[in-house]
Amino acid sequence: MKIITVADLAKLIAKHGFDKFMQDLMNYIKQDFSRWGEFDKSPRHAVHVEGGVIELMPVADKKYYTFKYVNGHPQNPFSGRQTVVATGQISDVVTGYPLMFSEMTTLTALRTSAATVIMTDLLARKNSKTIALIGTGAQSEFQILGHKLVRDIKEVRYYDTDLQAMLKFNKNMQDKGLDLVACRSAKEAVDTADIIIVCTACKGHVDVILDEWIKPGVHINGLGGDCPGKTEFELPILFRGKIVVEYILQSSIEGEIQRLSPEEIKKNVYAEYWEIISGKKTGRENDDEVTIYDSVGFALEDYSALRLVYDLANKYNLGQDLGLIPPISDPKNLISVLHKKE
Ligand SMILES: NC(=O)c1ccc[n+]([C@@H]2O[C@H](COP(=O)([O-])OP(=O)(O)OC[C@H]3O[C@@H](n4cnc5c(N)ncnc54)[C@H](O)[C@@H]3O)[C@@H](O)[C@H]2O)c1
C-alpha cells in the first residue's frame, strides 16, 4: 500500500507539470461522471461539531473503492490552522485491499478547481475574460490557475474580508500574466465580471453576493455553501438562471439550494453535473442567461483525483510502502506479526 505525502504529491505534480496534471484531472473527472450509473453513491456522512464539520466521503464502482476524510472549520485560520484538511484512500474492490493512502488537502484544492473549471467551460460565455473572486483563501489560486486553462482570462477582480489573504493572493499570482485588481468590496469585484467565483468560509447564511449585482450572461461558481446552515448567495439569485449541482441528494442538504423547498428544487435545479458532462442536457444556450454551479464537493471528484494520483505515482515510482498491511505468507497466521523479531 503506497503512502503519498504532501511532498510526494508536490514532486508528482512537478514531474508531470501543473497544467498537464489539471488537464488530466479534468479528463478523469469527465470520464468518471459520464459513467455515473456505474457508481455506488451516497450523500457524505457528516458529523457537525462546534465550529465545524467532519465528513467521510465514500464511493465505489466495480474496480475501486475510495473515501476521503475531510473537515471544514472556518475559525481554524484564527489559530494558524487551515479551514480544510483531508486525507484519502483508494482500494481494490475485488480483494478489498487498500492500494494507496494519500494526503488530500492539496488534492482537494486541485480537484475542486478541476471540477469547477469543467463547469465553467460548459456554462460560461466563450468570450469570458474577467473573473470576480470573492474569498482569497486556500482554494483561490488553484481556482484561477485552473480557469486560465479554459478561458482567455485577462483580469481577476478579487476581494476578501482579510487584507492579509488579499496580499497573499496578489503575491502568489504576480507572475501569471493577469491584471490583478484588488477591490474594496464584493460588489466592486463583481461589477464587470463575466465569471464570479465565491469561495468564502463562514458558518452561517451570509449574503456574500447580492442578486442586484448579477448581470445577464454571468456564470457563477459557488463553492463555500457546502454544509447545512452555510451559504453565500442572497436567496433570489437561486431564481435567476440555470442551476447545476453535483448530486441532488447531497446538494439539497448542503448546497445553496438547501434554502429552497422540495418543490422549488424540482423546478429550479436544471441538471446534475453528469447530465451536463454527458451532453444529456445542454449547458449555456445564449449570451444572456445566468448560469450557476452550486458546488458542495462530491465523493466521485475525489475518486477521480485518487485514481489519477495512483496512476501517476505508479508511472513515476513515487510514494512509499510504510507497512500498514500485515506482511504474512499464511493469511490465517495473523498472530505471527506480534512475534516477529526486529
Ligand atoms: N465545493 C467544494 O468542493 C469545496 C472544496 C473545498 C473547499 N470548499 C469550501 O470553500 C470555502 C473556501 O475554502 P478555503 O479552503 O479557501 O478556506 P479559507 O478559510 O482558506 O479561505 C476562505 C476566505 O474567505 C474569506 N471570507 C470569509 N467571509 C468572507 C466574506 N463575507 N467576504 C469575503 N471574504 C470572506 C476569509 O477571510 C478567507 O480568507 C470553504 O467554505 C470551504 O468549505 C468547497
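**Group meeting: a walk through the model**

Okay, let's start with Asn-317, which sits in the loop between H10 and S17. Keep in mind that this is a predicted model. The phi angle of Asn-317 is near 55°, so we have a positive value in a residue other than glycine, and I'd have a look at that on screen. Is Asn-317 buried or exposed? Exposed, because there are just 6 C-beta neighbours inside 10 Å, and 12 or fewer puts a residue in that class.

A bit further along the chain there's Pro-331, in the segment after strand S17, which is 320–321. Pro-331 also counts as exposed, because it has 7 C-beta neighbours inside 10 Å. If you go from Pro-331 back to Asn-314, you cover 17 residues in sequence and 26 Å in space, C-alpha to C-alpha.

Right, domains. The assignment splits the protein into domain 1, made of 2–107 + 300–338, and domain 2, which is 125–298. Their C-alpha centres lie 26 Å apart. How many residues of each domain are in contact with the other? It's 19 residues of domain 1 against 19 residues of domain 2. On the domain 1 side, the elements giving two or more residues are helix H2, 18–33, and helix H10, 299–315. H2 gives the most there, with six residues. By type, that side of domain 1 divides into nine nonpolar, five polar and five charged residues.

Now the ligand, for the docking people. There are 30 residues around the ligand, and the ones that come nearest are Thr-83, Gly-137, Ala-138, Gly-224 and Gly-297. Two elements give two or more residues to that shell: helix H3, 105–123, and strand S11, 205–209. As for chemistry, the shell has 14 nonpolar residues, 13 polar and three charged. And which domains does the shell draw on? Domain 1 and domain 2 each supply at least three residues.

Just after S11 you'll find Leu-210, in the loop between S11 and S12. Leu-210 comes out as partly exposed, because it has 14 C-beta neighbours inside 10 Å. The C-alpha of Leu-210 is 8.3 Å from that of Leu-235, though the two are 25 residues apart along the chain.

On to the sheet. It's an open sheet of eight strands with parallel pairing, and the order is S9-S8-S7-S10-S12-S16-S14-S15. Which strands are at the edges? Those are S9, 179–182, and S15, 269–272, each pairing on one side only. From one strand to the next the twist averages 20°.

Let me zoom in on a couple of the pairings. S10, residues 195–198, runs parallel to S12, residues 219–222, with four bridges joining them. Within that pair, Ile-195 has His-219 in S12 as its bridge partner. Then there's S14, which is joined to S16 by five bridges, again parallel; Val-244 stands opposite Tyr-293 in S16. On its other pairing, S14 has three bridges to S15, also running parallel, and here Ile-243 has Val-269 in S15 as its bridge partner. So how enclosed is S14 by the rest of the structure? Largely, because five of the five residues of S14 are buried.

Then the helices that lie across those strands. H3, the helix we met around the ligand, lies across S10, S12, S14 at 241–245 and S16 at 290–294, and it runs at about 165° to S12. Helix H5, residues 163–173, lies across S8, 155–159, and S9, at about 170° to S9.

Last one: helix H4, residues 140–147. H4 is mostly covered, with seven of its eight residues buried. Those are Ser-140, Phe-142, Gln-143, Ile-144, Leu-145, Gly-146 and His-147. And what do they pack against? Helices H2, H3 and H5, plus strands S7 at 130–134, S8 and S10. H2, remember, is the helix that gives six residues to the side of domain 1 that touches domain 2.

That's my tour, thanks, everyone.

Key. Residues numbered from 1 in each chain as written. Predicted model: local features only at pLDDT ≥ 70, side-chain atom pairs only at ≥ 80, totals over all residues. Buried ≥ 20, exposed ≤ 12 C-beta atoms within 10 Å, placed from the backbone. Near = placed C-beta within 6 Å. Nonpolar A, V, L, I, M, F, W, Y, C, P; charged D, E, K, R; others polar. Domains from an automatic or database assignment. Contact = placed C-beta atoms within 7 Å. Pairing = 2+ DSSP bridges. Axes fitted to C-alpha atoms, helices over the stretch in contact; angles between N-to-C directions.
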